[in-house]
Amino acid sequence: MTPRCAVLKTISLDFGFSAQDHFSRQARKPSNKTHQQTNIMKIAKTLFSSFGLLVSTGAAFCSILDGPVYNPLTGHNYYLLDTTSWTASESQAIALGGHLVTVNDAAENTFLVSTFSNFGGVTRALWTGLNDAAHEGTFVWSSGDPSLYRNWERGQPDNGGGFYPNLNYVNIWPSPGPRSPGQWDDHDNSNTFPDLPFNIYGVVEVVPEPTSMGLFALGLGIVVALRRQKLQRNR
Ligand SMILES: [Ca+2]
Ligand SMILES: [Ca+2]
């Protein structure tokens, strides 16, 4: 188990305080600041605050069993969440900077089943982002991806078939069975089954955002430049 959320929270707090200290020190010396430096610091402070806020949001909700797992076929990172409802899992996925997984093709489906459906020797059905909560019968991905790839089990989706209330959230059956390994079923918002001895676990897919890291690097560069200017003034 990787307590990544706790690690991220620590980084956020340390980073937030160090950035705050820096700007507080600068604020105590208004006579040394030019308008340009003030503007640069405002930009840097906004960048740091945004970064810290994002990380803190992720730290508040995450319960991760595995990840990030990098899939070279998609270039994306994946997390296995602890078992909970679809809506709670999707909230955690958003906090991590992604969504419940969008299964774009058979190769990604195989990756998910082989990587997570028996993680730790525990049989696990897997939440995907596919749902028809907004419009019955119209399945969409929570990520907004328009992918039309589907891998329904025979007879699914059946929306409960009249035996259960509306079933709006799609899970992947684990491999090995007892249901059709790797195929999909619609389920209600709960993480359990009335007749099967395993639970459903969310899988998060996160698309790396190089532009965010670029902004972060820019922020670091600004702080380094400010400190160099300060050292030169003090010589
Ligand atoms: Ca995908
Ligand atoms: Ca439905």
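On helix α4, A106, A107 and S114 are exposed, where exposed means 12 or fewer other C-beta atoms (placed from the backbone) within 10 Å of the residue's own, buried means 20 or more, and anything in between is partly exposed. Before going on, note that this is a predicted model, with local features needing pLDDT of at least 70 and side-chain atom pairs counting only at pLDDT 80 or more, while totals for chains, interfaces and linings use all residues. Residues are numbered from 1 along each chain as its sequence is written, and chains are lettered from A and ligands numbered from 1 in the order in which they are written.

Back to α4, which spans residues 106-116: its buried residues are E108, N109, L112 and F116. They line one face of the helix, because they fall within an arc of 105 degrees when you look down its axis, the arc being that of the directions from the axis to the C-beta atoms. Their cover includes β1, β2, β4, β6 and β8.

Now step back. There are five helices and eight strands in the protein; these are DSSP runs, H or I of at least four residues for helices and E of at least two for strands, numbered from the N terminus. Of its 235 residues, 27% count as buried.

Strand β4 (124-131) is a good place to look next. Eight of its eight residues are buried, so it is largely enclosed by the rest of the structure. R124, L126, T128 and L130 point one way, and A125, W127, G129 and N131 the other.

What sits alongside? β4 runs parallel to β8, with four bridges, and antiparallel to β6, with three; strands pair if DSSP finds at least two bridges between them. L126 is partnered with Y201 in β8, and N131 with Y169 in β6.

Terms used. Contact = placed C-beta atoms within 7 Å.
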